[in-house]
Amino acid sequence: MQFIPATWVGHKYETSGGLVAPDIDITDITLIKAGSGYGVDADNDGIASPWSIADSVASAAKYLASHGFKKDVRKAIWHYNHADWYVDKVIAQAEVYKNSIKVSEDGEINITPGADNDVTTIGNRWINNSVYVFGGGRNQNDIKMGRFDCSSFVHWAFSQVGVKLGELTSVSTETLKHLGTAIKVEDMQPGDLVFFDTYKKDGYVGIYLGDGNFIGAQSFTGVAIANMNDGYWKEKFNHRVKRIDYVKK
């Protein structure tokens with residue numbers, strides 16, 4: 001975790017560019033409290049040190065919580081670093097930890113892919129780490145390398161939550177659009193499939209995330225999150241929405 005000194009001890013003490021005067025002890029809990037800083041003494045050693053893993057992790061959690069993490073994860077992380085690529089990278093890495101690592105009571109780390117998955121977030125691990133290949137993603141080697149097209153990515157995402165959307169080798173937007181229950185646009189919920197008329201009718205499919213956003217494998221970006229409320233995707237959205245029932249593990 002990284003903090004500029006003024007954020008840690010409080011911007012009350014800021015001189016310029018996030019720095020504080022040399023005589024300000026940024027680990028002093030009393031100064032942090034008086035300056036409304038984010039530093040936390042998580043290991044109870046009497047100081048709040050940004051060089052302590054325990055203190056810095058707890059302080060980052062405090063910072064994210066204060067910026068609305070509960071309501072809007074992306075916005076909260078963006079406050080930490082004002083860059084969309086950074087937000088994407090943090091979320092993707094968090095998903096790898098959340099979905100792949102289990103720690104037993106004795107501290108042993110076990111890798112268990114597919115555990116505790118949510119179809120709306122499992123694909124974040126492929127953001128900035130995949131490529132779009134038309135017809136790709138239909139064998140394990142492609143999946144291992146992050147090579148997907150829109151329908152194979154959707155198939156893979158649902159497979160991670162224990163739902164098989166037909167045969168992997170023959171999945172397409174045409175097969176997917178006949179699955180699940182038709183939903184009105186105004187009733188869309190995260191996890192629903194959304195379809196777009198691109199090179200043909202129902203030529204593209206993604207997974208709805210809420211607030212007009214969806215995730216899918218796209219031509220120029222690989223797996224990415226996009227907004228369907230304006231621009232290209234708004235124009236191409238054909239109002240076909242299908243809900244696939246699944247139980248989050």
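I began with M1, which has 57% relative accessibility and therefore counts as exposed, since exposed means over 50%. I note that the model is a predicted one.

I then looked up where M1 sits: it belongs to the segment before α1, the helix of residues 5–9. M1 also joins I53 and V57 in a nonpolar patch on the surface. Together the three residues have about 340 Å² of accessible area.

Next I turned to the sheet. I reminded myself that strands of a sheet pair through backbone hydrogen bonds, either parallel or antiparallel. Here I found six strands in an open sheet, with antiparallel pairing. I wrote down the order as β5-β10-β6-β7-β8-β9. Which strands are at the edges? They are β5 (181–182) and β9 (222–227), and each pairs on one side only.

I checked the β5 edge. β5 pairs with β10, residues 237–243, in the antiparallel sense over two bridges. I found A182 opposite K242 of β10.

I checked the β9 edge as well. How many bridges join β8 and β9? I recorded six, again in the antiparallel sense. A217 has V223 in β9 as its bridge partner. The two strands β8 and β9 form a hairpin, and three residues lie between them.

Last, I looked for what lies across the sheet strands. I found helix α7, residues 150–159, across β6 (193–196), β7 (204–210), β8 (213–218) and β9. I noted its angle to β7 as about 45°.

Methods. Residues numbered from 1 in each chain as written. Predicted model: local features only at pLDDT ≥ 70, side-chain atom pairs only at ≥ 80, totals over all residues. Heavy atoms only, no water. Pairing = 2+ DSSP bridges. Helix = DSSP H or I, 4+ residues; strand = E, 2+ residues; numbered from the N terminus. Contact = heavy atoms within 4.5 Å. Axes fitted to C-alpha atoms, helices over the stretch in contact; angles between N-to-C directions. Patch = residues over 30% accessible without salt bridge, like charges linked within 9 Å, V, L, I, M, F, W, Y side chains within 5 Å. Areas by Shrake-Rupley, 256 points an atom, 1.4 Å probe, with all protein chains shown as cover. Salt bridge = Lys/Arg side-chain N within 4 Å of Asp/Glu carboxyl O. Buried < 20%, exposed > 50% of the residue type's maximum accessible area, 1.4 Å probe, protein only.
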